[in-house]
Amino acid sequence: MKQPASHSPDQEHINGLKCYLFSSSGLNTSSHRFCKSYSSPCSALSDTDTTLPVLSRHRGILQQSADSGVSSPLPSDSFKYLTWHELKEHDVRGSQIRCPRVREGPSEEELFFRGEEDALQARKQVTEKEKWQQRLQENWENCANLNLSFQDLGDFYQLENFNRILRRLIRVERLWLVDNSLTDLSAIRLPRCKELNVSKNHFTSFKQLPKIPQIRHLSLADNNIETLSGISDLRSTPLESLMLKRNPCEFKENYRQLVFSSLPNLRTLDGVPKLPEDCPPPEISFLSKMCTIL
């Protein structure tokens, strides 16, 4: 009987990492050659497996044996700061991925300071030409449906790279940016965006939102918007539904009436359709007042 081809541990780790990166990013990996059934971290766990995943002090996941209690890094631990376009032997583009991990990893100096030499060894110096090729492979300009939530943007350089990506989303129609600690996207323009979810961020005003002239569905739940100042900037948009739950402005007197009067196309606020009592009473003109007095 012909024996199956053997694979080195490094190749098995890379294959497993590719399977993890692309499957967790919303890409269907069933038709890709790098997701075959190898004995890699992508393989299913057996019923007799006695290892338990735990978090390390460097945010990495460790594999802990239930018998010995000794922790050791998972095989993919050295690749935890890599993004998909830094992996070899694939032709996946950014427009094919629905939930990519785009957070920039620490600099080489920071990795050395943290004592994470394994992650440092997995990196390689890239030329300017290779950087340009990576930008082309990202292909953010052709993304129509993208989820960039939960990116854990803890450093300034990570936020800069994140904004660089947002500026390239000129054709995106559905965009989720949930729980990214965002504070100001006023310099970003999303000309075709119809659905935007920026819940669980740190916005304090409508003026900090990106330019979204075609927006129809907007979620701002769980932010820190205190007043409705700047909401009139959305008046000329076709906005139909708005979510403002768990913002301080929700407790403002006549909150629903003020929102609906500012947004004439709005049909739903906080998941509740527009009600008769949400319409402000018609203003009595000066002429009608004079007629009443006479």
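**Entry 1: Asp179**

In which loop does Asp179 lie? I opened the predicted model and located Asp179 in the loop between β5 and β6, where β6 covers 195–197. I then looked up the backbone of this residue. Asp179 has a positive phi of about 55°, although it is not a glycine. I also asked whether Asp179 is buried, partly exposed or exposed. Its relative accessibility is 37%, and Asp179 therefore counts as partly exposed.

**Entry 2: Asp152**

I turned next to Asp152, which has its place in the loop between β4 (145–147) and α5. Asp152 is not a glycine, yet I noted a positive phi of about 55° for it. With a relative accessible area of 37%, Asp152 is partly exposed.

**Entry 3: Arg168**

Where is Arg168 found? I traced Arg168 to the loop between α5 (156–167) and β5 (174–176). I then checked its accessibility. The relative accessible area of Arg168 is 15%, which is under the 20% limit, so I recorded Arg168 as buried.

Which residues is Arg168 in contact with, leaving aside its neighbours within four places in sequence? I listed Arg135, Glu138, Asn139, Trp140 and Glu141. One of these, Glu141, I examined further. The side chains of Arg168 and Glu141 are joined by a polar contact of 2.8 Å.

**Entry 4: Cysteines**

I looked up two cysteines, beginning with Cys143. Cys143 has 0% relative accessibility and therefore counts as buried. Cys249 is likewise buried, its relative accessible area being 0%.

How many disulfides does the count give? I recorded zero disulfides, the rule being that a pair of cysteine sulfur atoms must lie within 2.5 Å. For my own reference, I added that a disulfide is a covalent bond between the sulfur atoms of two cysteines.

**Entry 5: The protein as a whole**

I closed with values for the whole protein. How many helices and strands are there? I noted seven helices and 10 strands. The protein has 294 residues, and 37% of them count as buried.

I also looked up how contacts are spread along the sequence. Taking contacts between residues at least 6 apart in sequence, I found that 47% join residues at least 24 apart.

Last, I consulted the surface. The accessible surface of the protein comes to about 17,900 Å². Carbon and sulfur atoms account for 53% of that surface.

Note on methods:
Residues are numbered from 1 along each chain as its sequence is written. This is a predicted model: local features need pLDDT of at least 70, side-chain atom pairs count only at pLDDT 80 or more; totals for chains, interfaces and linings use all residues. Side-chain values use heavy atoms; hydrogens and water are left out. Helices (H or I, at least four residues) and strands (E, at least two) are DSSP runs, numbered from the N terminus. Buried means under 20% relative accessible area, exposed over 50%, partly exposed in between (1.4 Å probe, protein chains only). A polar contact is a pair of N or O atoms within 3.5 Å; within protein, one must be able to donate a hydrogen and the other to accept it, and residues adjacent in sequence count only if both atoms are side-chain atoms. Contact means heavy atoms within 4.5 Å. Accessible areas come from the Shrake-Rupley method with a 1.4 Å probe; for residues, only the protein chains shown count as cover.
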